[in-house]
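Colleague: I'm new to this one. Can you walk me through it?
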Amino acid sequence: MARPDAPRHPTEQHRPQVVLGAVTTGLLNTSEPLPLEAARQALALLPGVSADWRRHPIEQVVSPDLFFGLDCKLAVRSGAQPRVIGTARARAVLTAGHVLQGSASVAVVLDASKRRLPWAHYAARTGMVEAINKADPADLVNGFLHGRSGSTVLDLGKTGSYVMSLLDRVPQVDRQARLKTQTCRLLWAAHLREDVEPDGRVEAGDDGVFRVRMSTPSELLPQFVEFCEVLAMHDWLLSALKNAFDRSARRGRRAEDEIDPALSYLGHIWNPTAHLPHEMRWLWQALEDEAQLTWEWQSTLTRVRDKVTLLTRKAIEETLHKESV
Amino acid sequence: MTAVTPTRASSTPARVFSERNQGTTVQNLPLSHLSIEVGHFYMDDLENGEAPIRRQFERVKPWLDAAMATVVCGEEKPRISTCFLIDDYFQRWPDASEIMEKLLRLARESGVAIDYVARESSCARRLDGFGVAELVARRILEEPEPENSTGGRPPTAHTGWLSNGRPPREATVLNVMEAHDWEAASEYGKRNHSIFLDVELWKDRAEPGADEEEVLSQRLYSCPFLAAVWQLVRLGLLRKDGAPALEVTDWDGHWRDEWSQFPDIVKVNPQAKPFYAYRSLSIMPQHFLGIEHAVRTIIDHVLLDQPVVESLLLRAQDKKIILPSAVADRISHHFLEGGQ
């Protein structure tokens, strides 16, 4: 029920031209991964509807969509920031019972009206905002991905973080994760164009944020969103493992305190094509060819496991040495 | 900074595996074109004398006929059902069978056929204990404050109040000599001037610190809130696990005395057209106008499940029936003149 659908048969004048989104990824605060049944209960964030779920090859549960009221500005690279009014759509995605994502998006309809309309108008168009002033779609894409943030500008990352925070309060979560991780943010923007072949571009910024832009027909938008969620999760996995490895080498830390939870929480999860929509495989493949994220993961994991081997050997040698003294 | 610009692969192999466990599948309901609510009484009115009840039904009758004659039904033969909501939430006595007998008889004698009877209490909590009102309460989205809502604000109403704008503000006046500092209320979606409305949705009566279950079991919903639930139920928009949140039961031939044993919605006319409908009309005395204004405000702020909304829109489109996208536009009223 909660999988995003392409904007549905809107009238010509109300067709969104740009869709903006953010995926926030972090660790669910539990000591052990949530079993599928518990995860389905935890992610039923609205009464009356259940979460969607998959068992193979990695368990994944997707919450129903929640909606957030918006009346704010959109960042642009040039000229006046357009004001938009409507609702953002957001959902929680839990993978392998442990990796939690807040995925928020909003479809932007340009030139819709000259003033704020009665709320019923926006409530009937969920997940959409309408811009009051004129704006250029390409400028909105750039502005959202690279614009400066501000207190009056759309902040979908916050929306995603809020959805994630809902999972802190559910009884299934014991709030005792043993691994320290940071949340990662990915921003994406899609320029909807019915007449073009889909075309994507991924940038890893110096701020550590992945930014994905795409030109796509609206029917492929749901798959594109899922692609972004897959990428965000794997970007997070990679940083979480690397950070744990870095911490393990720091003076004054017991290496195994960092490495053990990292291996047991994260070691088995990497599988980018597991839930990658069929229609997005070409994009992932092209990304792999150049960015080689899977190689980077394998190499990091090998270093971690080598370190475990070396620590084990050292421990054995120390024990033997003690016995021989 | 690294950048990747791929080109689209020309062909992709066919799929052999798929797994999609949809948490909820939306049921397709049988639908009438119009659901007409034929009058409304407070429980006091139902307890006392027959004449006022008969008089209201007699005044409903011509408007009921007019509504039946003008129903929007595309290219189909019109399907219309009538219903009546029993006001049993705020007060009730164990005389359900007496009241039902009287009500149905007076309606029949006035030429108003009642197809379905529902209870207001069921709009709060079903006979089986399920909290129907919470389906609506948890889907209420407060209207975003102009130019100041960037997406980080929690979406639900926690206070039990819902408004269509910003209330008037009275600043604390430190110096008595200063002019009184007052700012008028403002309706967010106003056209030139405001009609500010603040609606009480419920009262929480549980002790502070009580757990959620306790809070909900003690919660007293307001009349407009339950009426909003009632409208959404009639429009087939309120669902639990894809099925209607309140389901129809056939009448088994005799009435219980206790309202608490009374079905959520009971079909009293075996030949009736479906209860749920694309649109609804409520015919009621004029003094309910304030409540219905509040109902509309509530419904304007309920964000319904997209698959449900979608399934109704597709059905309507299929049958060439015009269905407004704003839910409140599917609801209409006729208020009977006052002073009678």
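Modeller: Sure. One caution: this is a predicted model. Let's start with the domains of chain B. 5 residues of domain 1 of chain B are in contact with 5 residues of domain 2 of chain B.

Colleague: Where do those domains run in chain B?

Modeller: Domain 1 covers 32-139 + 204-336, and domain 2 covers 161-197. Their C-alpha centres lie 35 Å apart.

Colleague: How much area is buried between domain 1 and domain 2 of chain B?

Modeller: About 390 Å², with 84% of that from carbon and sulfur atoms. On the domain 1 side, H293(B), T297(B) and H301(B) supply 84% of the area buried against domain 2 of chain B.

Colleague: How many salt bridges link those two domains?

Modeller: The count is 0 salt bridges between domain 1 and domain 2 of chain B. For polar contacts, the rule finds 0 residue pairs there too, with both residues at pLDDT 80 or more. The domain 1 side has 2 nonpolar, 3 polar and no charged residues.

Colleague: Switching to the chains. How many residues of chain A are in contact with chain B?

Modeller: 60 residues of chain A, facing 58 residues of chain B. The two chains bury about 5200 Å² between them, 54% of it on carbon and sulfur atoms.

Colleague: And how many salt bridges there, between chain A and chain B?

Modeller: The rule finds 3 salt bridges across that interface. R83(A) forms a salt bridge with E147(B), their closest N and O atoms being 3.4 Å apart. There are also 16 residue pairs in polar contact between the chains.

Colleague: Which element gives the largest share of chain A's side?

Modeller: Strand 4 of chain A, with 7 residues. By class, chain A's side divides into 27 nonpolar, 13 polar and 20 charged residues.

Conventions:
Residues numbered from 1 in each chain as written. Chains lettered and ligands numbered in written order. Predicted model: local features only at pLDDT ≥ 70, side-chain atom pairs only at ≥ 80, totals over all residues. Heavy atoms only, no water. Domains from an automatic or database assignment. Contact = heavy atoms within 4.5 Å. Buried area = accessible area lost by both parts, 1.4 Å probe. Salt bridge = Lys/Arg side-chain N within 4 Å of Asp/Glu carboxyl O. Polar contact = N/O pair within 3.5 Å; in protein donor to acceptor, adjacent residues only side chain to side chain. Nonpolar A, V, L, I, M, F, W, Y, C, P; charged D, E, K, R; others polar. Helix = DSSP H or I, 4+ residues; strand = E, 2+ residues; numbered from the N terminus.
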